[in-house]
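Please read this briefing alongside the sequence and the model. It goes topic by topic, in short points.

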Amino acid sequence: PGLHLPRIQVNFWAATRDEANALARQGEAALRSYSSLQTTVLGEFVAIYEEETKLFGTMQDFQVAHAI
């Protein structure tokens with residue numbers, strides 16, 4: 001077995017910027033809590049806004065190492 005090193009992007013959407021950021025922090029904590037994963041943050045939050053839905057987004061990239 002080897003080590004798989006995928007890069008993933010996670011997007012969180014909410015009615016306000018603060019809510020989107022809070023969800024992103026929770027998501028990061030959840031990824032880091034899995035002992036079988038080695039999660040590395042690859043940059044800061046990126047703020048996005050979806051005009052059509054009027055939702056605020058927070059996007060973040062991670063590398064999630066795991067055995068295969």
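Which two strands form a hairpin, and which residue in the turn has a positive phi? The strands are β4 and β5, with 4 residues between them. The turn residue is Lys54, with a phi of about 65°. Keep in mind that this is a predicted model.

**Strand pairing around β5**

- Strand β5 covers residues 55-67, and β4 covers residues 46-50.
- These two hairpin strands pair in the antiparallel sense over 5 bridges.
- Strand β2, residues 7-14, is also antiparallel to β5, and 8 bridges join the two.
- Strand β3 spans residues 38-41 and pairs with β5 over 4 bridges, again in the antiparallel sense.
- Strand β1 is made of residues 3-4 and runs antiparallel to β5, joined by 2 bridges.
- Individual partners help to set the register. His4 stands opposite His66 of β5.
- Phe12 has Thr58 of β5 as its bridge partner.
- Thr40 is matched with Gln63 in β5.
- Tyr49 has Phe56 of β5 as its bridge partner.

**The aromatic pair**

- The model has 1 aromatic pair. Tyr49 and Phe56 form this pair, and its geometry is tilted.
- The ring centres lie 4.8 Å apart, and the planes meet at 55°. Stacked would need planes under 30 degrees apart and edge-to-face over 60, so the angle of 55° falls in the tilted class.
- The two residues are also bridge partners, with Phe56 sitting in β5.
- Tyr49 is partly exposed, at 39% relative accessible area.
- Phe56 is partly exposed as well, at 27% relative accessibility.

**Salt bridges**

- There are 3 salt bridges in the structure.
- Arg7 and Asp61 meet through their side chains, at 2.9 Å from N to O. Arg7 lies in β2 and Asp61 in β5, so this salt bridge ties together parts that are 54 residues apart in sequence.
- Arg7 is exposed, with 58% relative accessible area. Asp61 is buried, at 18%.
- Glu28 pairs with Arg32, with 3.1 Å between the closest N and O atoms. Both residues belong to helix α1, where a spacing of 4 residues separates them by about one helical turn.
- Glu28 counts as buried at 18% relative accessibility, while Arg32 is partly exposed at 47%.
- Lys54 and Glu51 form a salt bridge at 2.6 Å, N to O.
- Lys54 is the positive-phi residue in the turn between β4 and β5. Its relative accessibility of 46% makes Lys54 partly exposed.

**Ala24 and its surroundings**

- Ala24 is located in helix α1, which spans residues 17-33.
- Is Ala24 buried or exposed? Ala24 is buried, because its relative accessibility is 0% and the cut-off for buried is under 20%.
- Beyond residues up to four places away in sequence, Ala24 touches Phe12, Phe45 and Thr58.
- The C-alpha atoms of Ala24 and Phe12 are 6.0 Å apart, although 12 residues separate the two along the chain.
- Two of these contacts, Phe12 and Thr58, are bridge partners, with Thr58 in β5.

Note on methods: Residues are numbered from 1 along each chain as its sequence is written. This is a predicted model: local features need pLDDT of at least 70, side-chain atom pairs count only at pLDDT 80 or more; totals for chains, interfaces and linings use all residues. Side-chain values use heavy atoms; hydrogens and water are left out. Buried means under 20% relative accessible area, exposed over 50%, partly exposed in between (1.4 Å probe, protein chains only). Contact means heavy atoms within 4.5 Å. Rings of Phe, Tyr and Trp (its six-membered ring) pair if their centres lie within 6.5 Å; planes under 30 degrees apart count as stacked, over 60 as edge-to-face and the rest as tilted. A salt bridge is a side-chain nitrogen of Lys or Arg within 4 Å of a carboxyl oxygen of Asp or Glu. Two strands pair if DSSP finds at least two bridges between them.
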